[in-house]
Amino acid sequence: MKGMKVMTEKRVWFKDSEEVENFVSAAGQCDFEIDILCDHIYIDAKSILGVLGLGLRKELTVKYFGENAKFENTLKNYAVA
């Protein structure tokens, strides 16, 4: 349907705080909301403290409505196969 935004959902994994910093930086350049989910906890993906608070070395789910090529390329670096 025209004008309707589709939610995109991807699974990611961060091994260290530098990866989280790169991800949050890319998310911060997007003009749409991005959430990151761990179990039943939703965090604003543009908050480095929030994302780090979820912990490293675990599978997380990123949910967003929008498109940004740089953000998509960044997500590929942390995608879970």
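**Close-up 1. The start of helix 1 in a predicted model.** At the start of helix 1, the backbone nitrogen of Glu18 has a side-chain oxygen of Asp16 within 3.2 Å. The model is predicted, so local features need pLDDT of at least 70 and side-chain atom pairs count only at pLDDT 80 or more, while totals for chains, interfaces and linings use all residues. Residues are numbered from 1 along each chain as its sequence is written, and side-chain values use heavy atoms, with hydrogens and water left out.

**Close-up 2. Helix 1 and its buried residues.** Helix 1, covering residues 17-28 (helices are DSSP runs of H or I with at least four residues, strands runs of E with at least two, numbered from the N terminus), has twelve residues and reaches 16 Å from its first C-alpha to its last. Its buried residues (under 20% relative accessible area, with a 1.4 Å probe and protein chains only; exposed is over 50%, partly exposed in between) are Glu19, Val20, Phe23, Val24, Ala26 and Ala27. Seen down the helix axis, these buried residues fall within an arc of 160 degrees (taken from the directions from the axis to the C-beta atoms), so they line one face of helix 1.

**Close-up 3. The ring pair of Phe32 and Tyr64.** Rings of Phe, Tyr and Trp (its six-membered ring) pair if their centres lie within 6.5 Å, and planes under 30 degrees apart count as stacked, over 60 as edge-to-face and the rest as tilted; the count by this rule comes to five aromatic pairs. The centres of the Phe32 and Tyr64 rings are 6.0 Å apart and their planes stand at 25 degrees, so this pair is stacked. Phe32 lies in the loop between helix 1 and strand 2 and Tyr64 in strand 4, 32 residues apart, and both residues are buried.

Terms used: Expected span 1.5 Å × (residues − 1). Polar contact = N/O pair within 3.5 Å; in protein donor to acceptor, adjacent residues only side chain to side chain.
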